[in-house]
Amino acid sequence: MQALPEKARPTKVVVAKPGLDGHDRGAKVVARALRDAGMEVVYTGIYQTPESIMRAVIQEDADVLGLSSLSGAHLEYAKELGELLRDNDRADVLFVVGGTIPPEDADTLRTYGVHEVFGPGTPTAVLVDYIRDHARNVLA
């Protein structure tokens with residue numbers, strides 16, 4: 001009797017809102033789009049610290065960390081989370097940032113370990129396709 005092929009688990013994404021940024025409508029839209037695309041999504045809620053976000057990534061064994069920022073503090077939080085990912089042996093996590101990110105900050109974010117930056121107006125299909133193409137393919 002032939003064994004059935006093991007079903008691959010869905011891509012697991014942690015969507016996080018760091019700091020005092022209380023505007024989470026965009027994060028919820030993104031979370032819903034990723035769920036609708038068949039991914040498993042854990043939304044941390046608002047007012048999270050980098051440490052609590054990192055705990056969620058570890059506890060959920062996430063493939064992707066999506067940071068949503070509308071407050072202007074994206075550089076500080078991305079830098080700290082990039083360091084926490086490396087320090088916790090999770091540099092294999094696809095790290096994306098979205099929100100009101102000035103285009104001139106994208107290169108700086110990449111030096112912190114962010115793989116891609118999605119600015120305002122990015123269609124959710126673009127994000128879904130990027131995650132499908134790149135999750136679980138990050139070299140630690």
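In this predicted model, Glu60 touches Lys12, Val14 and Val42, leaving aside residues up to four places away in sequence. Glu60 itself turns up in a loop, the one that links α2 (50-59) to β3. Its relative accessible area comes to 27%, so Glu60 counts as partly exposed, since that label covers values between 20% and 50%. Thr124 makes a handy reference point: it is 64 residues from Glu60 along the chain, and the C-alpha atoms of the two are separated by 23 Å.

Moving on from the loop, the chain enters strand β3, which takes in residues 64-69 and includes Ser68. Here the picture is one of burial: Ser68 has a relative accessible area of 11%, so it is buried, the cut-off being under 20%. What does Ser68 touch, not counting residues up to four places away in sequence? The list runs to Ala16, Lys17, Pro18, Asp21, Ala27 and Gly98. With one of these, Lys17, there is also a polar contact, side chain to side chain, at 3.3 Å.

Now for the whole protein. Five helices and five strands make up its secondary structure, and reading along the sequence gives the pattern β-α-β-α-β-α-β-α-β-α. The radius of gyration is 15 Å, close to the 14 Å that the globule rule gives for 140 residues, so the protein is as compact as a globular protein of that length. As for its extent along the principal axes, the C-alpha trace spans about 60 × 30 × 25 Å.

How much of the protein counts as buried? The share is 46% of the 140 residues, and Ser68 is one of the buried ones. Contacts across the sequence tell another part of the story: taking those between residues at least 6 apart, 73% join residues that are at least 24 apart.

Then there is the outside. The protein exposes about 7,800 Å², and 52% of that comes from carbon and sulfur atoms. On the charge side, the tally is 15 positive and 21 negative side chains. The centres of these two sets lie 6 Å apart.

Put side by side, the two residues picked out here make a neat pair to look up in the structure: Glu60 is partly exposed, whereas Ser68 is buried. Glu60 sits in the loop before β3, and Ser68 lies within that strand.

Definitions and conventions. Residues numbered from 1 in each chain as written. Predicted model: local features only at pLDDT ≥ 70, side-chain atom pairs only at ≥ 80, totals over all residues. Heavy atoms only, no water. Helix = DSSP H or I, 4+ residues; strand = E, 2+ residues; numbered from the N terminus. Buried < 20%, exposed > 50% of the residue type's maximum accessible area, 1.4 Å probe, protein only. Polar contact = N/O pair within 3.5 Å; in protein donor to acceptor, adjacent residues only side chain to side chain. Contact = heavy atoms within 4.5 Å. Rg over C-alpha atoms; globule rule 2.2 N^0.38 Å. Areas by Shrake-Rupley, 256 points an atom, 1.4 Å probe, with all protein chains shown as cover. Lys, Arg positive; Asp, Glu negative; His and termini not counted. Charge placed at Lys NZ, Arg CZ, Asp CG, Glu CD.
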